[in-house]
There are 2 protein chains.
Amino acid sequence: MNLLNLLIVDQEAMMSLKTEILEQPEVLARLLENQRATIETIAAALCNYDIRYLFLAARGTSDNAGLYAKYLWGAYNRMPTALATPSLFSLYGKPPSLKNALVVGISQSGRSPDIVEVIREGRRQGAPTLVITNAPDSPLAQAAEFVVDIQAGPEQAVAATKTYTAQLMAIAMLSVALNRAAGEADDRWRDLQDVPTLVRQALDLDPVIERAAERYRYMEQCVVLGRGFNYATAFEWSLKMKELAYIIAAPYSSADFQHGPVAVVSQGFPVLAVAPDGVVFDDMLALLKSLVNQQGVELLVISNREAALSLAHTPLRLPIRMPEWISPIVAITPAQLFSYYLTRAKGYDTEAPRGLRKVTLTQ
Amino acid sequence: MNLLNLLIVDQEAMMSLKTEILEQPEVLARLLENQRATIETIAAALCNYDIRYLFLAARGTSDNAGLYAKYLWGAYNRMPTALATPSLFSLYGKPPSLKNALVVGISQSGRSPDIVEVIREGRRQGAPTLVITNAPDSPLAQAAEFVVDIQAGPEQAVAATKTYTAQLMAIAMLSVALNRAAGEADDRWRDLQDVPTLVRQALDLDPVIERAAERYRYMEQCVVLGRGFNYATAFEWSLKMKELAYIIAAPYSSADFQHGPVAVVSQGFPVLAVAPDGVVFDDMLALLKSLVNQQGVELLVISNREAALSLAHTPLRLPIRMPEWISPIVAITPAQLFSYYLTRAKGYDTEAPRGLRKVTLTQ
């Protein structure tokens, strides 16, 4: 390898965030193709347990994937989800009783000790344990009875992108597989097959987003709104804005926002919203209209509905035909690109945000 | 009543937030005195159900009280808590199965339709339902099988204060009563008797806080850290800062903060922390030290430990002897005063924050 090649390799390594964002259609297609059989086997095995609810442990981006699971498995599998309180396990040494729970851990690296401890405690109590990870040899995976390997390939950038959408896909696949294993007719595999193409279409917004990001160069704070399945999208977008662009971005459901935090907005305040077509669209639209017309906020919207897009100073248009339940896997991708380009516009390092490492070990 | 009296009454009505903050010792003492028998009766009745977990619905301040329940009932009653996803009930019409759940609603007004719908669905599914409210005649209370009336008296200010600490007290009383009803030796009633006095001592910080708030007149954003039982305190403090002072205050556990959001802080960035003595103190202290020494943040700390107070530019000293499990009821009160005085320093209306009403009706 000559010096020029080394230089190119080096530059590419430095540009891993953008590469990883653009890699997502391929990662999702591979996961669908390769892991369906494993996920169906796991779903069949889980049918042998008397499960009343999920107990789910995760941190950071993986915790946002957990929010998607909470809504999706709640709506389609009738399964309530309790997000874990890892400190009760790791620090207080007072774990709750996990009888009739399916204990789930989600982690890219599989290495945060507090998440591992929740899974270990699940096994000690005899509960079924399931881990969704990009590291099938990690301590977390080793601790669990069932493991879904999201096979996203190495993620170099500190800010997680492809592992997030792959975690969502694994969660979605499990939702379908669990229903089918229980003998229910569930034809949502079809919808999932469309996801890689929909994500590719959403990523075609790249040049639009690059231009749009300029305007937000001096933004220091904002709120991010989403609801229902896309509550997770609001949280994940907000986390990318914090990690990469150092913007205090506060995420809310359209309902929670009205119970207090709405007070922060005034004329010109930036509101980012994820509002794809679906059951919660009218509720989101009513709030966005009121924010624009009464409070005079400036809106950036990710949507495939004209009524929302036309309210926005910056409309980011999603593919038109997209079932709501899979929309979080698609809708986050323009948000990732926006966070990336805004970080560049601000002159920050997209690959190594200050104060962060790829693997965070918390107790 | 002469004109002068009318004027005084009027001014007092306008000052309800401060009055309600200072009223808390009395409200808490009354609740302890009047409602213990009712709560013990409810706890005994709940022993007849086969409960595996709690399913808890709330919004805004009441949702933060729910976070306290999640940690407290998890640690002391071994009960996992799933925070509800009200939109699955109210908008999607796809409620999860609530078999073996105790369905809990927390609401000051008892009137938000989405929270009422969760309790109604619980009853439809035959689950035991429990409501903690300041409005025992509300639709929410009428929908529930068991009702704890927090008896806080009318709350005039839009920003909830005394109803929050009263909700925490009700949650704490239920925790003790449930253990005793199950035949366990639990002598925590003693700790609870001390709470009104501890809160009164914390409120004695009033003049210190009034002076300290000046410095933050031009603060526009901050993060608020807490962990374990005081995770709830971080969220509630953050909500008061948003509702009253229009500051984008982002709340985190010390662990979640390190999984991404820590990137937002730089030299001089304001960090507010709740770090009373207890199991999680060392973990919080390690983070605060690193934030001060490595990133150069400016710290405001509510604590009763010298090691944390001495790190802070603005130390707010809590009573020294205070069991960790009740500390959230005490620690929020200086935070309420801080939010109040900061709002005054900024020249905003402490009684009627923009965009808010006392009762928020979300679907």
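What follows walks through the overall build of chain A and then the way chain B relates to it. The model is a predicted one.

Starting with the fold, chain A carries 15 helices and 10 strands. Its radius of gyration comes out at 20 Å, close to the 21 Å that the globule rule gives for 363 residues, so chain A is as compact as a globular protein of that length. Laid along the principal axes, the C-alpha atoms of chain A fill a box of roughly 60 × 55 × 45 Å.

On the inside, 67% of the 363 residues in chain A count as buried. The contact map of chain A leans on long-range pairs: of the contacts with a separation of 6 or more, 76% are between residues 24 or more positions apart.

As for the outside, chain A exposes about 12,600 Å², with carbon and sulfur atoms supplying 48% of that area. Charges in chain A number 33 positive and 37 negative, and the mean positions of these two sets sit 4 Å apart.

Now for the pair. Two copies of a chain are related by a rotation about an axis and a shift along it. Here, a turn of 180° with a shift of 0.0 Å along the axis lays chain B on chain A at an RMSD of 0.0 Å. That is the relation of a two-fold axis. Among the residues of chain B, Ala82(B) comes closest to this rotation axis, with its C-alpha at 1.8 Å. The interface fits the picture: 100% of the interface residues of chain B are also interface residues in chain A, so the copies meet through the same surface.

Terms used. Residues numbered from 1 in each chain as written. Chains lettered and ligands numbered in written order. Predicted model: local features only at pLDDT ≥ 70, side-chain atom pairs only at ≥ 80, totals over all residues. Heavy atoms only, no water. Helix = DSSP H or I, 4+ residues; strand = E, 2+ residues; numbered from the N terminus. Rg over C-alpha atoms; globule rule 2.2 N^0.38 Å. Buried < 20%, exposed > 50% of the residue type's maximum accessible area, 1.4 Å probe, protein only. Contact = heavy atoms within 4.5 Å. Areas by Shrake-Rupley, 256 points an atom, 1.4 Å probe, with all protein chains shown as cover. Lys, Arg positive; Asp, Glu negative; His and termini not counted. Charge placed at Lys NZ, Arg CZ, Asp CG, Glu CD. Least-squares fit on C-alpha atoms with pLDDT ≥ 70 in both.
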